[in-house]
Amino acid sequence: MVIASITLYFRRTETIMTRMARDRISTFSRELLKLNRDIEAIVAQRTETEMSLFMAHEVRNPAMIIAGMARKIKKSSPENGVGKNYIDAILTETAKLESLIQDLGKSQPPGQKEFASVDLNEILATALMPMGQEAQAKEVALVTEYHPSPLIFLGSKHLMTIVIIHVMRNAIGACKGGDRIEVMTRPAEK
């Protein structure tokens, strides 16, 4: 009876531990997948921006050369010359093309958020929430100390959160049980 009770107890304990490990792995997997998607989105946005700027640069050069040549031809040709209408049409169309190129250079890919004033303390607190569980699972102490006043800077809240999570995951991964990670915020020294 005692052996059966002990066996049943250990089987139930093993079942509970397996479920806990599976839930923890599942949570980490979801967070890693989300981080991976976020990083892929950032890379895609950056690539799209670089392609837009490259296209604008590559189209701008021929458009400027065509417009410059058309202006030279217009200056050197007689006022009532046969091709004056054609040159005016070329200049009008190259002006439209230059305007489109400027718009292309200024545009941002859809979904890319512009920088705004954000609080480092708030971003750090949000980013460190899931990190506490990871540190605890590895028996690493995570100590935070936030500056008492908001630390406002111009940046992207989303990108900064991703960066902090990535850095913290690397820090936790580099630690062993019993280690301590201290995260403090301070204003920059001038």
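This note goes through some helices, a pocket and a few single residues of a predicted model.

1. Helix α1. This helix runs over residues 2–76. At 1.5 Å a residue, its 75 residues should span 111 Å, and the C-alpha atoms at its ends lie 110 Å apart, which agrees. The buried residues in α1 are Leu35, Asp38, Ser52, Ala56, Ala63, Ala67 and Ala70.

2. Helix α4, length. The 18 residues of α4, numbered 157–174, can be checked in the same manner. At 1.5 Å a residue they should span 26 Å, and the end C-alpha atoms are 26 Å apart, so the expected and computed values agree.

3. Helix α4, buried side. Which residues of α4 are buried? They are Thr161, Ile162, Ile164, Ile165, Met168, Arg169 and Ile172. Seen down the helix axis, these buried residues fall within an arc of 165°, so they line one face of α4. A general rule helps in reading such a list: an α-helix has 3.6 residues a turn, so residues three or four places apart point the same way. The cover over the buried residues of α4 includes two helices, α1 and α3 (120–137), and two strands, β2 (141–145) and β4 (180–184).

4. Arginine 169. This residue belongs to helix α4. Is arginine 169 buried or exposed? Its relative accessibility is 15%, and it counts as buried because the cut-off for buried is under 20%. Leaving aside residues up to four places away in sequence, arginine 169 touches Glu31, Leu32, Leu35, Met131 and Glu134.

5. The second largest pocket. Its volume is about 170 Å³. The lining consists of Glu31, Lys34, Leu35, Asp38, Pro130, His158, Thr161, Ile162, Ile165 and Arg169. Which helix gives the largest share of this lining? It is α4, with five residues. Both α1 and α4 supply at least two residues each. By type, the lining divides into four nonpolar, two polar and four charged residues. Arg169 thus appears both in this lining and among the buried residues of α4. Leu35 and Asp38 also line the pocket, and in α1 both are buried.

6. The end of α1 and the start of α2. Isoleucine 73 is in helix α1 and, at 47% relative accessibility, counts as partly exposed. Its C-alpha atom is separated by 7.8 Å from that of isoleucine 87, which is 14 residues away along the chain. Alanine 89 lies in helix α2 (residues 84–106). Alanine 89 is partly exposed as well, with a relative accessible area of 41%. Between alanine 89 and alanine 70 there are 9.7 Å in space, C-alpha to C-alpha, and they are 19 residues apart in sequence. Alanine 70 is one of the buried residues of α1.

7. Glutamate 79. The loop between α1 and α2 holds glutamate 79. This residue is exposed, its relative accessible area being 61%. How far apart in space are glutamate 79 and isoleucine 152? Their C-alpha atoms are 61 Å apart, with a separation of 73 residues in sequence.

8. Glutamate 139. This residue sits in the loop between α3 and β2. It is exposed, with a relative accessible area of 60%. Its phi is near 60°, which is a positive value in a residue other than glycine. For background, most residues other than glycine have a negative phi. A reader checking the backbone may start with the phi of glutamate 139.

Definitions and conventions:
Residues are numbered from 1 along each chain as its sequence is written. This is a predicted model: local features need pLDDT of at least 70, side-chain atom pairs count only at pLDDT 80 or more; totals for chains, interfaces and linings use all residues. Side-chain values use heavy atoms; hydrogens and water are left out. Helices (H or I, at least four residues) and strands (E, at least two) are DSSP runs, numbered from the N terminus. The expected span of a helix is 1.5 Å times one less than its number of residues. Buried means under 20% relative accessible area, exposed over 50%, partly exposed in between (1.4 Å probe, protein chains only). The arc is that of the directions from the helix axis to the C-beta atoms. Contact means heavy atoms within 4.5 Å. On a 1 Å grid over the protein atoms alone, a cavity is a set of points where a 1.4 Å probe fits but cannot get out, and a pocket is an open set with protein on both sides within 12 Å along at least five of seven lines; lining residues have an atom within 4 Å of a point. Grid points are joined across faces, edges and corners, and a volume is the space filled by probe spheres set on the points. Ala, Val, Leu, Ile, Met, Phe, Trp, Tyr, Cys and Pro count as nonpolar, Asp, Glu, Lys and Arg as charged, and the others, Gly among them, as polar.
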